[in-house]
Each structure stands twice: as structure tokens, then as C-alpha cells.
Amino acid sequence: MTKPRCVLLWILLLLAAGGAASAQTAAEPGPSEVVNALLTRIDRLEQRVAELEASKTPGSTPAPQAPGTASEENQQSPATKIHEHDEDQSSASVAEHHFPSMHLRGFADVDFSSTDEHGTHSGFTLGQFVLHVASPLSNRVAYFGELSFTAQPTSYTADVERSIIRFDYNDYFKLSFGRYHTPINYWNTEFHHGLWLQTTISRPEMIRFGGRFQPVHFLGMLAEGHLPSGPLGMGYEIGLGNGRAGTISRAGDTGDANNNRAWVARVFARPTGLRGLQVGGAIYGDDITPTPALTGNPRFSELIESAHIVWTSETPELLSEFANVHHRDTLTGTVYNSQAYYVQLAYRLPWQQRKWKPYYRFEYMHIPPTEPLFSLPDFQVKDLVQSTAGIRWDISDFAAFKWEYRHTKRGPTDPIVNGAFVQTSFTF
Amino acid sequence: MRKAASFWTSFVVAVAIGLVCYRLSAADTTKVEDVAVVVSPKNAVQSLTLSELTKIYRGERQYWRTNLPVVILFRTPGTYERDVVLRTIFQMTEPQYKQYWVSRIMRAEATSPPTEVFSTGMIKEGIAAIPGAIGCVRASEVRPDMKVLRIDGHLPGEAGYPLH
């Protein structure tokens with residue numbers, strides 16, 4: 001075979017292979033390709049209409065218009081203005097806002113647990129069934145509600161977890177009233193009752209639902225917004241409300257337990273140049289009147305300081321929070337400080353379409369043995385040293401499986417508990 | 001020996017031609033075009049930084065400086081404009097974008113995701129009707145009644161323009 005023939009043969013072979021490949025891919029277009037083709041066609045037709053309109057109207061041009069050179073109203077002919085008026089009529093339907101306009105979304109989970117703790121049984125549990133309602137009432141007023149249904153031994157409990165009406169003035173000042181998750185803690189205001197949103201199966205102990213270490217809910221009013229801080233991206237939240245009820249795990253939904261309002265202030269920064277980073281801190285003050293009353297009927301002034309630093313890019317993910325709960329007995333003046341923190345690390349693996357995310361969390365909680373409020377049987381909060389290791393598998397864009405192992409140590413006399421947990425959580 | 005040299009020469013030439021053909025076809029299918037950020041001519045804003053634009057599209061900034069509510073008009077999935085906005089502004093994939101808005105709504109930071117529109121004409125109509133509207137269209141499809149914003153000081157077509 002001569003040299004030119006040989007080259008020609010190679011070229012033909014390559015072209016034939018390329019042609020076969022392209023013919024294979026173009027053989028049967030999928031639904032998304034059809035949609036894309038239709039969208040492209042709409043754009044072309046619209047462009048053609050615009051060109052035809054421009055050619056009918058002397059002096060008008062479809063070229064891009066630089067800012068600052070806007071003299072569009074002066075340049076338009078009466079015919080164009082009439083047409084524009086017609087388009088304005090039809091455009092109302094493009095982004096027409098109906099008020100109120102209710103949007104509904106739900107979160108749910110199904111769990112399996114097995115531990116070596118004495119007296120417990122392994123088995124399945126139905127997690128919370130949560131419904132969210134969001135509805136704009138005008139351009140500047142919006143309502144948000146969150147309802148939860150939780151399985152109990154004899155029935156289901158329904159709870160209004162959040163119910164918020166918010167009035168926006170601008171990005172720097174938004175005022176709302178209602179029942180919130182207390183903005184004292186990153187986790188509490190980031191994941192709420194959406195277990196699918198959080199990496200792990202459970203919340204950290206320091207802010208778990210029904211827990212007593214920190215007030216999870218807050219009833220009152222909240223001002224929030226951005227702080228002028230340029231690339232630091234700072235924001236604030238300042239609230240005034242009822243604080244803890246006599247049963248300290250509950251918010252004072254039906255009225256405050258005393259005449260002293262709780263207050264909370266939080267500041268955080270989300271630097272523009274480091275998207276995913278958030279650093280912040282909060283302070284919360286309240287007077288607690290426990291029910292049933294303690295001997296001597298003491299009240300406790302409560303001051304909680306907290307701080308957090310998080311990196312949410314998922315490669316890696318770091319969540320870290322610390323809180324100090326300061327109680328002062330108003331009868332004796334004795335002061336008690338309890339601390340808790342957690343550090344959670346996770347990493348979204350690059351393989352298998354980034355569906356796998358292993359994680360580890362360490363939690364620590366220390367309550368002074370003489371702490372009167374957290375030592376009562378009704379309000380008990382125990383020391384905790386816990387390690388959690390697990391893996392999350394996102395089976396779809398809106399559903400996940402999580403497998404978790406926990407190693408828990410409570411008080412000095414309590415046995416170590418090991419447990420295996422599985423959860424599927426999703427949004428719908 | 002001579003036969004082997006001839007074979008390898010022809011092989012290298014064929015591979016080179018194949019690569020050129022591939023590059024040409026690839027360049028043809030990935031036609032790069034700037035995407036213009038457009039607002040109503042009634043809107044006083046003339047330019048934004050990419051960082052400001054990101055905050056607007058992510059819903060972190062919900063009002064213009066004049067306290068006018070921002071209304072984002074976003075193209076439907078599968079369009080070039082949407083792909084560019086997701087890649088350069090959100091830095092997210094389509095599923096990540098959907099998950100992002102689920103979490104924003106559940107945090108009560110928004111009541112719905114941005115309004116999705118099917119064509120450039122609908123963006124044009126929305127911008128004409130809503131003073132606070134903002135949208136992204138191909139630079140070649142900018143209409144006379146859209147105000148094009150400078151992004152990081154650049155207009156579409158200029159060197160350094162970030163949206164393409």
C-alpha cells in the first residue's frame with residue numbers, strides 16, 4: 001500500500017468512527033432534548049418577531065443598550081408605544097403575584113434504632129411528619145408556618161413549631177412576630193425540623209427538640225437584617241419574647257411564666273470572598289420561674305452565651321458550636337455555669353455522582369453536680385460525651401439514607417451505651 | 001524499516017487530522033456567548049459587582065437601594081442563560097440549586113424560588129411590567145427596552161465580562 005493511500009484509509013476510518021458515534025447519539029433525542037429544542041425555537045421565533053417589528057419601525061434598533069444612554073421613551077414611535085402598552089397588559093401574567101399565595105412543602109423520616117442500653121427495644125419508629133406553609137401576603141409581608149406531627153405511644157401530638165408573620169422594610173430591617181426557633185444557635189435556625197437537610201440523623205444534644213439545655217423555641221418579636229459591612233456580609237437578629245415556660249423545655253406559648261421578658265441578640269458574618277463560611281455569636285437573657293416550684297420558690301436569672309463557626313461547602317463540611325448556660329439563684333445568689341459544644345466534620349465524596357457523605361461528630365456537655373435547675377427529675381440535663389460516626393447516601397435529589405453509630409457516655413455512674421441507627425429522610 | 005516509518009507517519013497524520021476535526025466540532029457545539037444582565041429602564045441601578053449579583057440571585061439581597069423589591073426572572077432548565085447563571089453566579093448544579101431554595105424557604109428566608117420564564121420575550125415583558133425585575137438574556141437577544149447592567153465594570157462583549 002502506498003503512503004497517500006494509507007493516510008487516506010486512516011482518515012476514512014476516523015471519520016467513519018466519528019460519524020457513527022455522532023449518529024448514535026443523535027439517533028433518539030430524549031425528552032429534555034426536545035424541550036431544549038422547543039425553547040431554542042421559541043427564542044428564535046421571538047428574535048425574528050423583534051427583527052420584523054424593528055424593520056417596520058424606522059429608527060428603532062435591537063442592538064444592546066449601554067447603561068446611561070437610556071432614552072428609549074423619546075425614541076419610540078407612537079405605533080411602538082401602542083404595541084408596548086399591549087405587551088404591558090400581557091406581561092402582567094408573566095410574573096403576576098397573587099396574594100395570598102400559599103406554598104406547601106413537607107419533610108418526613110422513618111427510623112430504625114438498636115442500642116445496648118438496658119430496658120430499650122430495637123425497632124422502627126416513625127419520625128416527625130412536618131408541613132411548611134409559606135405565603136406572601138403582599139410584596140413586603142409574608143407568612144411562614146411549620147406544623148409537626150409526632151408519633152406517641154397512644155396517639156400523635158400536633159405542634160405549631162413556627163408561626164411567623166414578617167414585615168420587610170428593606171434588607172437592613174425586617175420585623176416579625178410569632179413563634180420561632182430561638183436564634184441562639186446555628187443548628188436551630190439552619191435545619192429546623194428538616195432532617196433531610198442536616199447531614200446526620202439527629203440534632204446535637206445541646207439543642208435537641210424537647211431538650212432543656214437551651215430554649216429551642218421563642219415566642220415574641222424579632223428584628224433582623226443585614227449590617228452595612230461590605231464584604232464581611234454581617235447580619236443581626238434582635239428578639240424580645242416570653243422565654244421559657246414553667247416547664248423549661250417549652251416556650252411560653254400561652255403567656256409568660258413571669259413579668260420578665262426574655263431577649264436575644266445574634267450577630268453573624270458570611271464573608272463574600274469565603275462562601276460557605278459563617279462565624280457568629282449570640283446572647284440570650286431570661287428569668288426562669290420553674291413549675292413545679294423548687295424549695296423556697298427561687299427564680300433563676302439565665303444568661304446564655306453562644307458562638308459558632310461553620311464551613312458548609314461539603315468538601316469539607318465543618319459545623320462547630322459552643323454554649324455556656326449561666327444560672328443565678330435569685331434567693332441565694334449562687335451562680336452555676338454549664339457548658340456544651342460539638343464539632344461535626346463531613347466530606348462529600350467525589351465518586352458515584354457525589355452521593356456519599358461520611359461524617360463524624362463529637363459532643364460534650366458538662367453540668368455542675370450542684371446545678372439545682374438541671375438536676376431536678378423534671379428538668380434533668382446530664383453530662384454527655386458522645387461520638388457519632390456515620391455515612392449519608394443521597395438516593396435522589398430529595399431523599400437520603402443515613403447509617404449511624406453512636407458511642408455515648410453520660411454521668412460517672414451511667415453505663416456506656418452503643419447504638420446503631422438508620423434513617424431515611426426526605427422532602428416532598 | 002521503511003514500511004514501518006511510512007505506517008507511523010500516516011498514523012500520526014491521521015490522528016492529527018482527527019484531533020483537528022474533533023476540536024472544530026467541539027468548538028461548534030459549545031458556542032460561547034455572553035449573557036447580559038438586564039433590568040427595567042426605570043431602575044436607577046447602572047452596574048453591579050459579580051458579588052452583588054450573586055447576593056441578588058441567591059436571595060440574600062431582596063431589595064434594590066431604592067427599597068424596591070427585587071423580582072428575579074429566571075430561564076427554565078435546559079437553556080443556555082440558566083446554565084451560565086448556575087455556573088457563574090450560583091456555582092451550583094441544577095439539583096443543588098433546587099435544594100438551595102428548599103432550604104431557604106424552610107428557613108423562612110423566602111416564600112418561593114425565582115419566577116421561571118420560558119423565553120427571552122417573557123423576560124422582556126416582565127421587565128417592562130415590574131420595575132424591580134432582573135433577568136439574564138443572551139447578549140444577542142437584548143431588546144431596546146431592556147437596560148443592560150455593567151458587571152464588574154464590563155458590558156457584554158467586553159474583555160473581562162464574567163457571564164458567558
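# Reading a predicted two-chain model

Reply: Begin with helix α5(B). 7 of its 10 residues are buried, so α5(B) is largely enclosed by the rest of the structure. Keep in mind that this is a predicted model.

Me: Which residues of α5(B) are buried?

Reply: Thr120(B), Gly121(B), Ile123(B), Lys124(B), Glu125(B), Gly126(B) and Ile127(B). For a helix, read the list against the turn. An α-helix has 3.6 residues a turn, so residues three or four places apart point the same way. Here the buried list includes Thr120(B), Ile123(B) and Ile127(B). It also includes the charged residues Lys124(B) and Glu125(B).

Me: Which strands does α5(B) lie across?

Reply: Helix α5 (residues 120-129) of chain B lies across β1, β3 (71-75), β4 and β5 of chain B. Its direction is about 150° to β5(B).

Me: How do I read the sheet itself? What is the strand order in chain B?

Reply: Read across the sheet, not along the sequence. The order is β4-β3-β5-β1-β6 in chain B. The sheet is open, has 5 strands and shows mixed pairing.

Me: Which strands stand at the edges?

Reply: β4 (115-117) and β6 (147-148) of chain B. Each has a single partner strand, so one side of each is left without a neighbour in the sheet.

Me: Take one pair inside that order. In which sense do β1(B) and β5(B) pair, parallel or antiparallel?

Reply: Antiparallel, over 5 bridges. The strands are β1 (residues 35-39) and β5 (residues 133-138) of chain B. To set the register, use one bridge: Ala36(B) is partnered by Val137(B) in β5(B).

Me: How many helices and strands does chain B have?

Reply: Chain B has 5 helices and 7 strands. From the N terminus, the elements run α-β-β-α-β-α-α-β-α-β-β-β.

Me: And what do the totals for chain B say about burial and contacts? What share of the residues is buried?

Reply: Buried residues are 54% of the 164 in chain B. For contacts, look at sequence separation. Among contacts between residues at least 6 apart in sequence, 69% join residues at least 24 apart. The accessible surface of chain B is about 7100 Å², with 62% of that belonging to carbon and sulfur atoms.

Me: Now a second helix. Which residues of α2(B) are buried?

Reply: Helix α2 (residues 50-57) of chain B has Leu53(B), Thr54(B), Lys55(B), Ile56(B) and Tyr57(B) buried. Check the backbone past its end too. Just after α2(B), Gly59(B) has a positive phi of about 80°.

Me: How do I read a salt bridge? Which residue does Arg65(B) bridge to?

Reply: Look at the distance, then the location, then the exposure. Arg65(B) bridges to Glu52(B), with the closest N and O atoms 3.3 Å apart. The pair links distant parts of the chain: Arg65(B) is in the loop between α2 and β3 of chain B, Glu52(B) is in helix α2 of chain B, and they are 13 residues apart. Arg65(B) is exposed, at 66% relative accessible area. Glu52(B) is partly exposed, at 22%.

Me: Do salt bridges also link up? Which residues form one network?

Reply: Follow shared partners. In chain A, Glu314(A), Glu317(A), Arg348(A), Lys357(A), Arg392(A) and Asp394(A) are joined into one network. One of its bridges is Asp394(A) with Arg392(A), at 3.0 Å from N to O.

Me: Is that pair buried or exposed?

Reply: Buried. Residues count as buried under 20% relative accessible area. Asp394(A) has 8%, and Arg392(A) has 5%. For another case in chain A, take Arg261(A) with Asp256(A), at 3.1 Å between the closest N and O atoms. Arg261(A) is partly exposed, at 34%. Over all chains, the structure holds 30 salt bridges.

Me: Back to strands, now in chain A. What do β4(A) and β5(A) form?

Reply: A hairpin, with 2 residues between the strands. β4 (residues 156-170) and β5 (residues 173-181) of chain A run antiparallel and are joined by 7 bridges. Asn170(A) stands opposite Phe173(A) in β5(A). On to the next pairing: 8 bridges join β5(A) to β6(A), also antiparallel. There, Gly178(A) stands opposite Gly220(A) in β6(A).

Me: Last, surface patches. Which residues make the nonpolar patch?

Reply: Phe167(A), Phe177(A), Met221(A), Leu240(A), Trp263(A) and Ile283(A), over about 490 Å². Trace one member back to its element. Met221(A) is in strand β6 (residues 217-226) of chain A. Met221(A) is partly exposed, at 32% relative accessible area.

How values were computed:
Residues numbered from 1 in each chain as written. Chains lettered and ligands numbered in written order. Predicted model: local features only at pLDDT ≥ 70, side-chain atom pairs only at ≥ 80, totals over all residues. Heavy atoms only, no water. Pairing = 2+ DSSP bridges. Helix = DSSP H or I, 4+ residues; strand = E, 2+ residues; numbered from the N terminus. Contact = heavy atoms within 4.5 Å. Axes fitted to C-alpha atoms, helices over the stretch in contact; angles between N-to-C directions. Patch = residues over 30% accessible without salt bridge, like charges linked within 9 Å, V, L, I, M, F, W, Y side chains within 5 Å. Areas by Shrake-Rupley, 256 points an atom, 1.4 Å probe, with all protein chains shown as cover. Salt bridge = Lys/Arg side-chain N within 4 Å of Asp/Glu carboxyl O. Buried < 20%, exposed > 50% of the residue type's maximum accessible area, 1.4 Å probe, protein only.
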